[in-house]
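Today I sat down to look up the charged pairs in this model. My notes follow the coordinates below.

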Amino acid sequence: MAMAFKMATTGMWVTDECKNSFMEMKWKKVHRYIVFKIDEKSKLLTVDKVGGPAESYEDLTASLPQDDCRYAVFDFDFVTVDNCRKSKIFFIAWAPTASRIRAKMLYATSKDGLRRVLDGISYEVQATDPTEMGIEIIKDRAK
């Protein structure tokens, strides 16, 4: 039976699949990104989509719905000014303007519980449209 971690503030449950997928991304580098969604009926936070290591940030942004909220984590690889290869994990809270008020509220109140389960996030970005989470914003934060 799958385990789940309860987020006390909202009554949402984070499935093992969420935590395991994140650990695989963080340690084994088998995922470039993971998109999470809340199933309002079952009160479960589940994995919606996983991007393979060859996928890009553009693939992640294209996979986010224009009319519903999601959470995503993205493993950003970059080279520092000292020519060192680094990787930082970004947490993205996606709440597009066209999404329902109820969904926005649910995702806003559940975010911190998921962040606590996903250990190792470097930066957080909140976006209501694609311009608020462009790759230039990611690059600028990761410096």
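First, my accessibility terms: I call a residue buried under 20% relative accessible area, exposed over 50%, and partly exposed in between, with a 1.4 Å probe and protein chains only. I am working on a predicted model, where local features need pLDDT of at least 70, side-chain atom pairs count only at pLDDT 80 or more, and totals for chains, interfaces and linings use all residues. I number residues from 1 along each chain as its sequence is written, and my side-chain values use heavy atoms, leaving out hydrogens and water.

Entry 1, the count. I looked for salt bridges (a side-chain nitrogen of Lys or Arg within 4 Å of a carboxyl oxygen of Asp or Glu) and found nine in the structure.

Entry 2, Asp75 and Lys29. I see their closest N and O atoms 2.9 Å apart in a salt bridge. Asp75 is in strand 5 (residues 70-79) and Lys29 in the loop between helix 1 (16-28) and strand 3 (33-39), so the bridge ties together parts 46 residues apart in sequence. My helices (H or I, at least four residues) and strands (E, at least two) are DSSP runs numbered from the N terminus. Asp75 is buried at 2%, while Lys29 is partly exposed at 38%.

Entry 3, Asp77 and Arg32. This salt bridge also has its closest N and O atoms 2.9 Å apart. It links Asp77 in strand 5 to Arg32 in the loop between helix 1 and strand 3, 45 residues apart. Here Asp77 is partly exposed at 36% and Arg32 is buried at 16%.

Entry 4, a network. I noted salt bridges linking Glu40, Arg100 and Arg102.
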